[in-house]
Amino acid sequence: MSGTTPTGTTPTGTTPTGTTPTGTTPTGTTPAGTVTLVGAGPGDAGLLTLRGLRALQKADVIVADRLGARSVLEQLADDGVQITAEVIDVGKLPGHHPVPQDGINELLVELATAGRRVVRLKGGDPFVFGRGREEQLFCEQAGIPVEVVPGVTSAVSVPAVAGIPLTHRGIAASFSILSGHDQIEQVPGAGDHTVVLLMGVGTLAHSAHVLAAGARGVDCPVAIIEDGFGPRQRVTIGTLGTIAHLAASRQVRSPAVVVIGDVVALAFEAPSAGSDGAGRDAPPAPDAARRTISSRWSDALDAGLAVDTGLIQAVATLKPASDRGIRSSLSSLSSLFARTR
Ligand SMILES: C[S@@+](CC[C@H](N)C(=O)[O-])C[C@H]1O[C@@H](n2cnc3c(N)ncnc32)[C@H](O)[C@@H]1O
């Protein structure tokens, strides 16, 4: 494996406790090192857990994915946090794995067998589309003890940055998290069952088409949040009927989280969210909430709007807009313009 020197030494030249510089004990046996799978969160160092940070500070070597994990290490360094471990970048980006999974598994065992304290730093949570359990099992089968430090998954935290909860009293009480490659046809429920797609950009048009044909219908709200917590963070909001077109015209790129369901109407950027008293701080009574949100949303659609951050897309007005719909949409327009200037 290029870039690794499993000699049991750290970059500062110190050796793991009780080992010689070659990774062997004074009696000649090789001590087992350890592997800690740490969830780095969605890419903001503030969302790394304290336990994860402590593991990084104690590590001899960190095997890091690029998405989320590397930027967290860079932010910690910028903040003056001392991490002395060697960092090995296994460069996992969506659809692009310079080190294949088998190679990563073997690298972890190789490093730990040499007596090193290894942190495997993975984006989000290691057990949410992270192959964390595979890595854990592979190490354990080789006799390496593994600790898992859960992380903040992008599936929940990235929608939150756009003001979208996955559940909200009276609007949605359940959710499914799928990868864009999963069987979208099998997703249960309607707009009150939130769907979160990870790795869903490439298959978005297909997913939207399939879900629109079911109980959700073409008017079901959809949000795409690109690069949550990162420098390219951007929110695009439409419906199952408009989102594929919006995503193409905006050149939406991975990494992105797609949220489908009535909760999208609560997004900071959604048409008139929170503008008429049914605000996020004081949820309306459950029975009223869903009606209020969906009526706000359809008012905006009646007025012919699909909304995204920094860009207003006027779409064909299919039905005469109600006065309330126009007022609501105008208020959305002015607040969006104010925000994007
Ligand atoms: C292989 S999955 C890993 C998910 C990760 N284990 C987690 O819990 O967040 C990678 C996908 O997570 C999503 N993702 C991760 N970080 C993201 C971010 N900061 N912004 C938007 N999407 C993100 C994207 O859908 C991306 O394609």
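# A guided tour of the ligand shell and the cores

Begin by selecting the ligand and the 26 residues around it, among which Gly124, Val128, Thr153, Ser154 and Gly228 come nearest. The model on the screen is predicted, and parts of the tour will return to its confidence.

**The shell around the ligand.** Next, colour helix 2 (66-78), helix 5 (154-161) and strand 10 (256-260); each of these elements supplies at least two residues of the shell. Helix 5 makes the largest contribution, with three residues. If the shell is then coloured by residue class, 14 nonpolar, 10 polar and two charged residues appear. Now select domain 1 (34-152) and domain 2 (155-340) in turn: the shell draws at least three residues from each of them.

**The largest nonpolar core.** Leave the ligand and turn to the largest nonpolar core, which has 40 residues. Val222, Ala223, Val257, Val258, Val259, Val264 and Ala267 are the members with the most contacts inside this core. To see where the core residues come from, display helix 5, strand 6 (174-179), strand 7 (193-198), helix 6 (204-212), strand 8 (221-226), strand 9 (234-239), helix 7 (243-249) and strand 10, each of which gives two or more residues to the core. Which element gives the largest share of this core? Strand 10 does, with five residues.

Select Val257 for a closer view. Leaving aside residues up to four places away in sequence, Val257 touches Ser154, Ala155, Val158, Pro159, Val196, Leu198, Ile225 and Gly228. Two residues on that list, Ser154 and Gly228, are also among the residues that come nearest to the ligand.

**Another core.** Apart from the largest core lies another, of 33 residues. Ala59, Val72, Ile104 and Ala112 are among its members and may be selected as a starting point.

**The whole chain.** Now show the entire protein chain, whose secondary structure comes to nine helices and 12 strands. Of its 341 residues, 44% count as buried. Among contacts with a separation of 6 or more, 71% join residues 24 or more positions apart.

**Confidence.** Finally, colour the chain by pLDDT. The average is 79, and 69% of the residues score at least 70. Select residues 1-26, where pLDDT stays under 50; the model has 52 contacts beyond four places in sequence for this stretch. Then select residues 273-284, where the pLDDT is also below 50. Beyond near neighbours in sequence, residues 273-284 have 20 contacts in the model.

Methods: Residues are numbered from 1 along each chain as its sequence is written. This is a predicted model: local features need pLDDT of at least 70, side-chain atom pairs count only at pLDDT 80 or more; totals for chains, interfaces and linings use all residues. pLDDT is the predictor's confidence in each residue, from 0 to 100. Two residues are in contact if their C-beta atoms, placed from the backbone, lie within 7 Å. A residue is near a molecule or strand if its C-beta atom, placed from the backbone, lies within 6 Å of it. Helices (H or I, at least four residues) and strands (E, at least two) are DSSP runs, numbered from the N terminus. Ala, Val, Leu, Ile, Met, Phe, Trp, Tyr, Cys and Pro count as nonpolar, Asp, Glu, Lys and Arg as charged, and the others, Gly among them, as polar. Domain bounds come from an automatic or database domain assignment. A nonpolar core is a set of buried Ala, Val, Leu, Ile, Met, Phe, Trp, Tyr and Cys residues joined through C-beta atoms within 7 Å. A residue is buried if 20 or more other C-beta atoms lie within 10 Å of its own, exposed if 12 or fewer, and partly exposed in between; C-beta atoms are placed from the backbone.
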